[in-house]
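Got your viewer open? Let's take a short walk through this structure, one selection at a time.

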Amino acid sequence: MLDSIFTLKESRKIAKNTYEWVMEGDTSHITAPGQFVNIKLDGFYLRRPISVADVEGNNLTIVYKVVGEGTEKMANMPVGSELLVLSGLGNGYDLAPSGDAPLLIGGGAGVPPMFLLARRLTTLGKSVSVILGFGSADEIFYKDKFEKLGAEVYVTTADGSEGVKGFVTDAMPEISYSYFYTCGPEPMLKAVYDGSSASGQFSFEERMGCGFGACMGCTCETKYGNKRICRDGPVLVKEEIIW
Amino acid sequence: MVNTKVSLCGTELDNPVIPASGTFGFGYEFAELYDINLLGTLSFKGTTLAPRFGNPTPRIAEAHSGMLNAVGLQNPGVEKVISEELPKLFEVFNKPVMANVSGFSVDEYVKTVEMLDSVEGIGWFEINISCPNVHGGGMSFGTSPAAAEEVTRAVRRVTDKPIIIKLSPNVTDIASIAKACEAGGADGVSLINTLLGMRIDLKTRKPLIKNKTGGLSGPAIKPVAVRMVYQVYDAVKIPIVGMGGISSAEDVIEFMLAGATAVEVGAENLVNPYACRDIIEDLPRVMEKYKINSLDEIIGGAH
Ligand SMILES: Cc1cc2nc3c(=O)[nH]c(=O)nc-3n(C[C@H](O)[C@H](O)[C@H](O)COP(=O)(O)OP(=O)(O)OC[C@H]3O[C@@H](n4cnc5c(N)ncnc54)[C@H](O)[C@@H]3O)c2cc1C
Ligand SMILES: Cc1cc2nc3c(=O)[nH]c(=O)nc-3n(C[C@H](O)[C@H](O)[C@H](O)COP(=O)(O)O)c2cc1C
Ligand code: FES
């Protein structure tokens, strides 16, 4: 974990209410896909936790949805802005159990961490399938980026305006896979949990005080004992989750 | 060279800065970030007799210049604290530590203190009396002078180590509670714990915190805390550990002028993991700026 200054290099709107940032700084503490950073914003007491979407050299990419005052402020920040970023937080996904044909399932703001994961898995020569779930066609992002990695991409929209009509679980039956990785809103995670006999890893969200394990603000119960989502998670394995 | 040393209930601290209970875990995770031996001491996570999961999540909400928490005293229970957490702390920390203890009955406080009393390395007890008393209709021990005195007397009987009673600010007259603790045999008081608060989500029209209410901490509460330290200083002779919204070396001096012998830093550790180190490193500069040679000379200087 490292607290250091990142400079905003690129900021663009990539879908409805959704922004992509490329920031430059010391990324050396980011060790696994599924980890997150905690961003200090002027005028806000608590930092904002956002997943690592991609990391290459000194460039850190994040993708976020505007949902409140903090993310609204972020969307309006000019390129060149400097931000204090706590990086290298959380355990991240474990690539080892993926098997040859992993399935990645991302819903809405849970899609970003799937990108670095897909990039790492395709680099390892895995045949990667991806389901991207959104509400509607205008919310879709990163479909082409996943395709460029050589992943098999399925899109679902709740209103049927593009791809399979329905939820991510509606696209799952037609895909054969060895293992899965998922991130998204909790009802989606639960549906994936109930809808798949395979094993997999789930990334959870929780309201955070610190983001690095000090405050016990984000604790959940697992079969392996109490875990702090920020430090012992955000990724939990299917076998330990209590639902 | 300025002198940052202070004496707290007979033990000298290299400086008055102490991470506050609940914001620093059991210390060892911060040792990965900086050498925690530069701290005055540290107050570890509130420990109870039995293990506690705490409250359901969400436990945290943001506020202007602060935060609400309803962690609910999550801790592994005193046995595991002694067998697992403290050994890890003592591997990286070689100063006497402050043991923060909570309970829901006088008996729980007594048993927990008895068990911790034999642990080498504990320099002070900090008794958190903001918890509801299950035998007293759920009213917090810290809101009644009689209950506060009863807890103090009871733990006084089972330890010779200095006892610092941590006071709740959710009272009309904090000085009367402090006096009751002094009468009960306390060696010091620490204040303030969090101020009871609530936030409501406009979208769901429900409280943001699952527990509904949470404790407010951070810079938002600093003026309330400074006022209470000032009032308690006028009321008692025992030393005061001041806290509430401290985020800078200037804040440390402000609390000491109000009457604090030492200070604790809470929520700031969560938003700046290096907060205590930064404050300690900045103290000499701020002391020189305000022409302070020795910190122990300014305690209560505003009176
Ligand atoms: C580990 C983790 C990774 C995340 N990754 C992403 C990501 O890649 N892209 C993305 O768009 N969003 C992500 N989120 C959610 C993101 O943190 C929130 O949307 C954001 O904090 C909202 O801030 P705000 O000020 O706009 O909203 P407000 O509602 O005004 O924020 C108020 C407070 O609540 C917290 N909060 C609000 N919503 C959430 C939430 N869903 N989860 C946790 N805290 C919340 C804020 O951090 C802040 O402290 C992630 C959350 C976590 C815990
Ligand atoms: C997340 C969190 C957990 C806390 N847990 C405890 C605790 O276990 N025992 C205790 O005596 N105080 C606890 N406190 C209160 C702090 O120690 C401190 O009294 C209070 O937060 C005011 O200081 P601050 O404004 O610097 O945070 C907690 C505070 C926070 C923010
Ligand atoms: S957010 Fe503080 S422990 Fe997880």
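**Stop one: ligand 1**

Select ligand 1 and Lys65(A): a polar backbone atom of Lys65(A) sits 2.8 Å from an oxygen atom of the ligand, a polar contact (a pair of N or O atoms within 3.5 Å; within protein, one must be able to donate a hydrogen and the other to accept it, and residues adjacent in sequence count only if both atoms are side-chain atoms). Before you go on: this is a predicted model, where local features need pLDDT of at least 70, side-chain atom pairs count only at pLDDT 80 or more, and totals for chains, interfaces and linings use all residues. Residues are numbered from 1 along each chain as its sequence is written, chains are lettered from A and ligands numbered from 1 in the order in which they are written, and side-chain values use heavy atoms, with hydrogens and water left out.

Now add Arg48(A), which has a side-chain N or O atom 2.8 Å from an oxygen atom of ligand 1. Glu69(A) uses a backbone N or O atom instead, 3.5 Å from a ligand 1 oxygen. On its own, ligand 1 exposes 830 Å², and the protein buries 85% of that (Shrake-Rupley method, 1.4 Å probe).

Which strand should you colour next? Try β4(A), which gives the largest share of the shell around ligand 1, 4 residues.

**Stop two: ligand 2**

Jump to ligand 2 and show the 23 residues around it (a heavy atom within 4 Å). Among the nearest are Ser21(B), Lys166(B) and Gly218(B). Which chains do you see here? Residues from both A and B surround ligand 2, so the site is shared between chains.

Zoom in on Ser21(B): one of its backbone N or O atoms lies 2.8 Å from an oxygen atom of ligand 2. The side chain of Lys45(B) brings an N or O atom 3.0 Å from a ligand 2 oxygen, and a polar backbone atom of Gly46(B) is 3.2 Å from one. Taken alone, ligand 2 exposes 600 Å², of which the protein buries 97%.

**Stop three: helix α2 of chain B**

Last, select residues 106-117 of chain B, helix α2 (a DSSP run of H or I, at least four residues). Its buried residues (under 20% relative accessible area, 1.4 Å probe, protein chains only) include Val106(B), Tyr109(B), Val110(B) and Val113(B). They pack against α1, β6, β7 and α3 of chain B.

Methods. Helix = DSSP H or I, 4+ residues; strand = E, 2+ residues; numbered from the N terminus. Expected span 1.5 Å × (residues − 1). Buried < 20%, exposed > 50% of the residue type's maximum accessible area, 1.4 Å probe, protein only. Contact = heavy atoms within 4.5 Å.
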